[in-house]
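Q: Could you take a close look at the surroundings of the ligand for me, and then place them in the rest of the fold?

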Amino acid sequence: MTVLDVANLTKIYGDACGECVDNTGPSVGDNQCPVCGSVVACADVDFQLHDGEVLGIVGESGSGKSSLAEMLALDLDATAGDARYHAYDGNMLSADYQARHELQNQHVGMVHQHVQDGLELSFSGGGNVAEKLLAAGWRHYGDIRDRVESLFRETEVPVSRMDDATETYSGGMQRRIQIAKAIANDPGLVVLDEPTTGLDVSVQARVLDMFRGLQREQDVATIVVSHDLDVIRLLADRTLVMRHGRVIETGLTDRIMEDPHHEYTQTLINSVI
Ligand SMILES: Nc1ncnc2c1ncn2[C@@H]1O[C@H](COP(=O)(O)OP(=O)(O)OP(=O)(O)O)[C@@H](O)[C@H]1O
């Protein structure tokens, strides 16, 4: 089943003169329009995401990955484009306020690049996860507490720390709490933006292993954004490579890693081997 079908997804920061897309991109070597100065974070992005599939989005800093992720998590307005989510009737990018909140609370889980964008650090870890359940209509204290405990176990955060302030958690624990919050309402789509940023290498590996196990068990469609090819290699079935706001190559992750077709992808891969 197709969970998400995205067509022509475009984000332009600035007033946009109408020529921005033609004037930018990999062939020009820049994402800033020379006519009006607007920045084309991404343009004309098309892809489909299927049940249980993990799609990786990789590219250098500024290539448009986070803008793409935030639009799909409905945290950022798109300039143009169409995104059909299987459980929503119509283009989810133009959902009204109420529908957008329902989608965000029940269908799309987001793990933000910066912990402070996804968590209230002064709240307890349990409180952060409970907030997501409350937003989706959970009301019974005992049920909420049980669900939060079970999410702590699934994401390997000690239940004994549930009532401690999130700011007292380690970076790895904060990332796991973000993941627990993102999956709390069994979403059909999870978006992970740079899930390992700020974590040291051994913690990165543990968080990624945990997420991989969880993803396998729950079979949830996932988009993972990273500049780190190791993260993409480990998690993603299929990968989009972005540069200057455009998708320049797409394919099975193994194929992209072993036999990159685009010159830029070859450089990207060779530079980390
Ligand atoms: N609020 C904004 N206003 C103007 N330009 C922005 C804004 N947010 C992002 N940009 C620009 O859009 C382009 C894409 O940024 P984006 O953060 O999506 O890229 P990225 O690939 O996620 O980069 P990184 O890996 O560094 O996070 C960049 O040129 C960036 O400077």
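**The ligand shell and its setting**

A: Let's start with the whole chain: 44% of the 273 residues of the protein chain count as buried, meaning that 20 or more other C-beta atoms, placed from the backbone, lie within 10 Å of a residue's own. Bear in mind that this is a predicted model, where local features need pLDDT of at least 70, side-chain atom pairs count only at pLDDT 80 or more, and totals for chains, interfaces and linings use all residues. Residues are numbered from 1 along each chain as its sequence is written.

Now the ligand. There are 13 residues around it, and Y13, S61, K65, S66 and S67 come nearest; "around" here means a C-beta atom, placed from the backbone, within 6 Å. By class, the shell has three nonpolar, nine polar and one charged residues, with Gly counted among the polar ones. β2 (39-50) and α1 (65-72) each supply at least two residues of that shell, and α1 gives the largest share, three residues. Helices (H or I, at least four residues) and strands (E, at least two) are DSSP runs, numbered from the N terminus.

What about β2 itself? It belongs to an open three-stranded sheet, ordered β2-β1-β4 with antiparallel pairing, where pairing takes at least two DSSP bridges between strands. β2 and β4 (80-85) stand at the edges with a single partner strand each, so one side of each has no neighbour in the sheet. Strand β1 (residues 2-13) is joined to β4 by five bridges; D5, for instance, has R84 in β4 as its bridge partner.

Terms used:
Buried ≥ 20, exposed ≤ 12 C-beta atoms within 10 Å, placed from the backbone.
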